[in-house]
Amino acid sequence: MKQKTIKSVLMCKPLHFAELNYIINPWMKPGTIKEQIALDQWEQLVNSYKKLGITVNVIEQPLGVPDMVFATDQGIVHGKKVLLSRFWHEERRDETQFYKDWFEQNGYQIEYLPAGAYFEGNGDAYFFKNKLLVGIGFRADEFTCEAVSKALDIEVIPLQITNASFYHLDVGFLPLNDETAFYYPKAFNKRSREVLKQLIPNLVELSEEETEGFSANSVVTGNTVIHQAGNPTFTEKLKKLGYNSIDVDLSEFKKSGGGAHCLTNILKYYE
């Protein structure tokens, strides 16, 4: 059972997150975000990573792009290449240039998707063994899968999401290692549930309460999982699977449909 340990991540400091004024997913509550509390919660997540020995790179947030805080959506990093995202909703498209600039300034080679391919980075996708699982239906689609497969030279397995609350794969699915993953069955159609059962030896169901608590939107490094606070049954499941649990209150970010994973773009794992 292979455990991957994170070496470095990219995060965006939520300086203007509270200005959110639109709704593009069912979780969003514009006008309710408390700026200082969000900043304090983000700092707690950053400190949790640093205590684990993870290097945290920070990009500043300008005005006008409140969802820019969700760094994982910006692209998939593969070595020193990054496949840059193309956002489905116009409200998020201005974020891309800032991340493009950061990646270029830090020595990454930028890969672009063809016109018509919408893809929102690690929000839509997870590597699993030598494959890439991509959630389709609300942001990405089959054309996206073909384009991503070609760009990354990897087999892509599409998973059909049927519930708008799980617009991104990382809201209803969480791989722990190359044998075990959590998932919320009601997020996917029957065929995709069967694909997951065939692909993953130990597929563990998340309850509705755990899913609404954003348990799936967690970050796994080694045998530690950093996740949204207030999910005691999820913590117990992790313990039974041999994982340590670090809970962080990220409730302000849930008001835009995000959690620990959304806020964190993993740049590099230890070899």
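The following exchange examines how the terms applied to this predicted model rest on its computed values.

Reader: What makes the chain agree with a compact globule?

Author: The chain has 271 residues, and a compact globule of that length would have a radius of gyration near 18 Å. The chain has 17 Å, which agrees, so the description of a compact globule fits. Along the principal axes, the C-alpha atoms fill a box of roughly 45 × 40 × 35 Å. Within the chain there are eight helices and 15 strands.

Reader: Why are β3 and β5 said to stand at the edges of their sheet?

Author: The sheet in question is open and has three strands in the order β3-β4-β5, with mixed pairing. β3 and β5 (109-111) each have a single partner strand, so one side of each is left without a neighbour in the sheet. From one strand to the next, the twist averages 25 degrees.

Reader: How do you know that β3 and β4 pair?

Author: Two strands pair if at least two bridges are found between them. Four bridges join β3 to β4 (residues 81-84), so the condition is met. The two strands run antiparallel. As for individual residues, Leu 83 in β4 is the bridge partner of Ile 76.

Reader: What makes helix α2 a helix that packs on this sheet?

Author: Contact means heavy atoms within 4.5 Å. Helix α2 (residues 95-105) touches β3, β4 and β5, and therefore has such contacts with each of these strands. The direction of helix α2 makes about 170 degrees with that of β4.

Reader: How do you know which strands are the edges of the sheet that contains β7?

Author: That sheet is open, with three strands in the order β6-β7-β8 and mixed pairing. β6 (125-128) and β8 (155-160) each pair on one side only, and these are the edge strands. The twist here averages 25 degrees from one strand to the next.

Reader: Why do β6 and β7 count as paired, and in which sense do they pair?

Author: At least two bridges are needed for a pair. β6 and β7 (residues 131-136) have four bridges, so they count as paired, and the sense is antiparallel. Lys 131 in β7 is the bridge partner of Phe 128. Two helices accompany this sheet. Helix α4 (residues 142-152) lies across β6, β7 and β8, running at about 155 degrees to β8. Helix α5 (residues 190-199) packs on the sheet and touches β6, β7 and β8, with its direction at about 135 degrees to that of β8.

Reader: What does Pro 158 touch, and in which strand is it found?

Author: Pro 158 is found in strand β8. Leaving aside residues up to four places away in sequence, Pro 158 touches Val 134, Ile 136, Glu 142, Cys 145 and Ser 192. The C-alpha atoms of Pro 158 and Glu 104 are separated by 29 Å, and these residues are 54 residues apart along the chain.

Reader: Why is one space called a pocket and another a cavity?

Author: A cavity is a set of points where a 1.4 Å probe fits but cannot get out, whereas a pocket is an open set, so the distinction rests on access. The largest pocket holds about 1,000 Å³ of space. Among the 34 residues that line the largest pocket, the closest to its centre are Lys 4, Val 77, Phe 127, Ile 266 and Tyr 269. Two or more lining residues come from each of β3 (75-78), β6, β9 (173-175), β12 (219-221) and β15 (265-269). By class, the lining of the largest pocket has 16 nonpolar, eleven polar and seven charged residues.

Reader: How many cavities of 30 Å³ or more does the structure hold, and what lines the largest cavity?

Author: The structure holds one cavity of 30 Å³ or more. The largest cavity has a volume of about 80 Å³. Of its 14 lining residues, Asn 25, Phe 70, Arg 92, Tyr 167 and Ser 256 are the closest to its centre. The lining of the largest cavity divides into five nonpolar, five polar and four charged residues.

Definitions and conventions. Residues are numbered from 1 along each chain as its sequence is written. This is a predicted model: local features need pLDDT of at least 70, side-chain atom pairs count only at pLDDT 80 or more; totals for chains, interfaces and linings use all residues. Side-chain values use heavy atoms; hydrogens and water are left out. Axes are lines fitted to C-alpha atoms, for helices over the stretch in contact, and angles run from 0 to 180 degrees between N-to-C directions. On a 1 Å grid over the protein atoms alone, a cavity is a set of points where a 1.4 Å probe fits but cannot get out, and a pocket is an open set with protein on both sides within 12 Å along at least five of seven lines; lining residues have an atom within 4 Å of a point. Grid points are joined across faces, edges and corners, and a volume is the space filled by probe spheres set on the points. Ala, Val, Leu, Ile, Met, Phe, Trp, Tyr, Cys and Pro count as nonpolar, Asp, Glu, Lys and Arg as charged, and the others, Gly among them, as polar. The radius of gyration is taken over C-alpha atoms; the globule rule is 2.2 Å times the number of residues to the power 0.38.
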